[in-house]
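Reader: I'd like to go through how to read helix packing and burial in a model. Could you take me through a case?

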Amino acid sequence: MNIVVCIKQVPDTTEIKIDPIKNTLIRTGVPSIMNPFDKNALETGLQLKDNYGGKVTVISMGPAQAQAVLREALSMGADKAYLVTDRAFGGSDTYATSYILSQAIKKLGPFDVILGGKQAIDGDTGQTAPSIAEHLNAVRLTHILDVKVSGDKIIARRQVEEGTEVIETSLPVLCTATKESNKPRYATIKRKIASLKAEISIITLADLPHADTTKMGLKGSPTKVRKTFTPQRTANGVTIEGSSPAEIAETLLNKLVEAKIL
Amino acid sequence: MVNNMSLLYTEEQKELLALVREMAEHEIKPFVQSADEKGECPKELFKWGFDMGLHMLEIPEEYGGAGLSYETTAMIFEELAKVDAGYAISFVTTFVALRNVILAGSKEQGRYFAEKIAPGGFAAFALTEPNAGSDPAAMRATAVSDGDEYILNGTKTFITNGALSDVFVGFFKTDPATGHRGISAFIVDADAPGVTVGAHENKMGLRLSNTTDLIFDNVRVNASAMVGPAGSGFKLALNALNLSRAFVATMAVGIMQRALDESVKYAKERKQFNTPIIKFQMVQQMLADMAIKTEASRCLVNNTMKMMDRGSLVQKEGAICKTFVSDCAQEVTSNAVQIFGGYGYSKEYPVEKLMRDCKVFQIFEGTNQIQRMTIANVLDREYS
C-alpha cells in the first residue's frame with residue numbers, strides 16, 4: 001500500500017498574533033513544529049503500514065527550514081521525505097498550495113491513501129488537504145477516526161457532530177485526521193539519529209513540467225486578504241463559586257437562562 | 001528549559017535530549033508520584049522507554065543497539081533522571097549488564113544476552129549478598145562443576161531489576177577456598193529451574209526501581225554460560241562497577257538539576273515580607289551553591305564519560321566522580337527541601353522525594369567510604 005502524508009511546519013502556539021500593519025503572522029521568537037493534526041495523520045499512515053504493509057512518503061511545501069518537520073516524520077517511521085519548494089510557489093493560498101501539492105503527489109504516485117491533518121493550527125482553514133483530493137479526483141473523507149483496509153476498499157470511521165459515520169469506499173482516498181484519531185508515536189533513538197543524516201528530496205517547479213503555472217504562487221491565488229486583525233476582548237470570564245457542585249450548577253443554569261442562551 | 005551552559009552539546013545530542021525530555025515529561029512524570037507512593041513502576045511506563053530504545057543506547061549496532069557514545073548515553077540518562085532516577089536506573093542496570101557480557105564474554109554470549117533484552121527485556125547484575133557488600137570476596141554463593149554443567153547455589157540481595165529481569169549476570173565461587181580469585185560470572189536465564197525471586201525491598205527512595213533478593217537453588221547452567229575464564233568474575237565485577245559508577249553519577253546530576261529547577265522556580269514565586277525569597281541573600285547563597293555543585297558535577301561526569309569513550313578503565317576517576325557527585329547531590333537536595341521550608345517536607349511537593357532518591361547514591365556501587373579507599377590506594381601506587 002502506497003501512503004502519502006502531507007505535513008506542514010507551523011509556529012508552536014495556539015495564540016497566533018498578527019502584525020496589525022503588515023497583516024502577517026508574527027513568527028519572531030516562536031519555535032516551529034509539525035502541525036499537530038498532521039502528526040495524527042502521519043500516525044494513521046504509519047499504523048496502516050504496520051497493519052497492511054507498504055510505504056509511507058511524507059511531503060511538505062515550504063521554505064528550506066520545513067525540512068525539520070520532514071526529518072521528524074522520518075524519525076517517527078516515514079520511509080521517504082520530499083520538500084516541495086520554489087520561489088514560484090511563494091505566496092500561494094490554499095487553492096494554489098493544494099494544486100502544487102497535488103501535482104507533486106501525481107509525480108510521485110500512484111498512491112492508495114493520502115493523509116493530512118484536519119487543519120493547520122496557524123491558518124485554521126482546513127481547506128488544503130480536501131482540495132488536494134479535488135485536484136486528484138480522489139474520494140475525500142474528512143475528520144476520520146480510523147481506517148481499515150478490506151480488499152481493494154477501505155472502511156473509515158468519520159467524526160461528525162451527531163456522532164460517528166462509518167464509510168466504505170474504494171481507493172485512492174484522501175483522509176484528514178483529528179486529534180481524536182490516535183496518539184502519535186515517539187521517534188526511536190535509532191531512527192532519530194538516522195533522520196538527522198537522511199537525504200530530503202527536493203521538488204521544484206522544474207520537476208513539474210506539466211503543471212499549470214497560472215495556478216501557483218501569489219498570482220495563482222484567488223484569495224485576497226483585505227484585512228486581518230486581532231479581535232478585541234469585550235467581556236471577561238466569570239468564576240461561579242458555591243458550597244456544592246449542585247449549587248454551582250444551579251447558579252450557572254440561572255445565568256444561562258437569564259442570558260437567553262437556554 | 002534550563003540551559004546547561006557547562007557542556008557544549010552537538011546538534012544530535014540536543015535532538016536526542018529533546019526527544020527523551022518530551023517522552024519523559026508527558027508519559028512518565030504524571031505517574032511518578034503515585035508509583036513512588038506504591039513502591040513500584042507500572043509495566044506500561046517501562047514500555048515507553050523500551051519502544052524508544054533506552055535499554056540499548058550505548059550497545060553497538062551489531063548487537064541491536066543504537067551505538068551511542070558513553071558521553072551521549074550519560075546525557076540522556078541525566079535527562080531521564082530529572083523526571084525519575086528509579087525509572088532511569090532500571091534501564092542503566094540493563095545496559096551495564098549487557099555491556100559487560102559483551103566486554104568480557106564471547107561474541108555468542110553477547111548476542112544471546114542482547115537478544116534476550118532487545119525486544120524489551122530487563123537484565124540484572126547478581127553480585128551482592130547479605131554478608132558480602134563492600135567485600136565481594138566474602139561471597140558464599142557457589143558454582144560446582146558437574147560434567148559439562150555447573151550447579152549454582154546461593155542467595156543474592158539488593159538486586160536491581162530482580163523481579164523484572166529476563167536474564168542475569170550472576171557471580172558465584174567456583175573455588176570457595178580462595179578469595180576473590182575464586183569468583184566466576186555466569187549468564188543465568190530468569191526462568192531457569194531453581195531461580196526464585198525473593199523479598200521485594202521496601203526502599204526509602206528510587207521506589208520506581210525494583211530491588212529484590214534472588215535465590216539460586218541447584219540451578220543448572222551449561223559450562224558455556226560462564227563469562228570469561230574461571231576465576232575472572234571479580235575482575236569483571238570491578239570493571240562493571242567502574243562503568244556503573246560513572247552512570248549513577250550522571251543520574252545524581254539529573255536529580256540535582258531537578259532540585260535546582262524546582263528551587264529556583266519556588267524561590268521566585270514564594271513571597272515573605274512582601275518579597276520573593278529569591279531576593280534574600282541567604283536563599284541566594286543556597287541557590288548559587290546548588291548551581292555551582294550541579295554544574296561542576298555535570299562537567300566531572302562528562303569528562304569521565306569521555307575518558308571511558310577513549311578506553312580508559314577510570315578506576316580512580318570513576319570513584320572520584322561518583323563520590324564527589326553523590327556527596328554534592330546530598331547537599332543540593334537537602335537545601336532544596338530547606339528552600340521550600342515546611343512545604344519541602346510535604347509529599348505534596350517534589351523535593352522531599354529527590355532527597356530520598358539521592359541518599360543511596362552515596363551507598364550503592366561501592367560506598368563513598370570504599371571509593372575514598374580506592375582513590376587513596378591508586379594515589380599510593382601512582383606516587384610510588
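**Helices side by side**

Author: Let's begin with a pair of helices in a predicted model. α7(B) and α8(B) cross in a left-handed sense.

Reader: At what angle do the axes of α7(B) and α8(B) cross, and how do the two run relative to each other?

Author: Helix α7 (residues 281-309) and helix α8 (residues 315-340), both of chain B, have axes that come within 9 Å and cross at roughly 155°. Angles over 145 count as roughly antiparallel, so α7(B) is roughly antiparallel to α8(B).

Reader: Which residues make that contact?

Author: There's a general idea to start from: an α-helix has 3.6 residues a turn, so residues three or four places apart point the same way. Now the case here. From α7(B), the contact includes Met286(B), Met290(B), Lys293(B), Ser297(B), Leu300(B) and Thr304(B). From α8(B), Cys321(B), Phe324(B), Val325(B), Cys328(B), Glu331(B) and Asn335(B) are among the residues taking part. By class, this contact divides into twelve nonpolar, six polar and three charged residues.

Reader: How does α4(B) pack against α5(B)?

Author: Their axes are 8 Å apart, at an angle of about 160°, so α4(B) and α5(B) are roughly antiparallel to each other. The crossing of α4(B) past α5(B) is left-handed. Thr94(B), Leu98(B), Val101(B) and Ile102(B) supply the α4(B) side, and they meet Gln109(B), Gly110(B), Phe113(B), Ala114(B) and Ile117(B) of α5(B). That contact has six nonpolar, three polar and no charged residues.

Reader: And which residues of α3(B) meet α4(B)?

Author: Phe77(B), Leu80(B), Ala81(B) and Val83(B) come from α3(B), while α4(B) brings Ala85(B), Tyr87(B), Ala88(B) and Val92(B). By class, you'll find eight nonpolar residues in this contact, no polar ones and no charged ones. The axes of α3(B) (residues 70-83) and α4(B) (residues 85-104) come within 6 Å and cross at roughly 145°.

Reader: Let's turn to burial. Which residues touch the most other members of the largest nonpolar core?

Author: The general idea is that in soluble globular proteins, nonpolar side chains tend to be buried together. In this model, the largest nonpolar core has 176 residues, and Val5(A), Phe186(B), Met251(B) and Ala252(B) touch the most other members. Helix α6 (residues 233-269) of chain B gives the most to this core, with 18 residues. Leaving out residues up to four places away in sequence, Ala252(B) touches Val325(B), Ser326(B), Ala329(B), Cys358(B) and Phe361(B).

Reader: Over in chain A, how many residues of helix α2 are buried, and what covers them?

Author: α2(A), residues 67-76, is mostly covered, with eight of its ten residues buried. Charged residues are on the buried list too: Arg71(A) and Glu72(A) appear there along with Val69(A), Leu70(A), Ala73(A), Leu74(A), Ser75(A) and Met76(A). The cover includes α1, α5 and the strands β2, β3, β4 and β5 of chain A. Gly77(A) follows α2(A), and its phi is positive, near 135°.

Reader: Is Ala211(A) buried, exposed or in between, and why?

Author: You count neighbours: 20 or more other C-beta atoms within 10 Å makes a residue buried, and 12 or fewer makes it exposed. Ala211(A) has 18 within 10 Å, so it's partly exposed. You'll find Ala211(A) in the loop between β11 and α6 of chain A.

How values were computed
Residues are numbered from 1 along each chain as its sequence is written. Chains are lettered from A and ligands numbered from 1 in the order in which they are written. This is a predicted model: local features need pLDDT of at least 70, side-chain atom pairs count only at pLDDT 80 or more; totals for chains, interfaces and linings use all residues. Axes are lines fitted to C-alpha atoms, for helices over the stretch in contact, and angles run from 0 to 180 degrees between N-to-C directions. Helices (H or I, at least four residues) and strands (E, at least two) are DSSP runs, numbered from the N terminus. Two residues are in contact if their C-beta atoms, placed from the backbone, lie within 7 Å. A nonpolar core is a set of buried Ala, Val, Leu, Ile, Met, Phe, Trp, Tyr and Cys residues joined through C-beta atoms within 7 Å. Angles under 35 degrees count as roughly parallel, over 145 as roughly antiparallel, 65 to 115 as roughly perpendicular and the rest as oblique. A crossing is left-handed if the near helix is turned anticlockwise from the far one by less than a right angle, and right-handed if clockwise.
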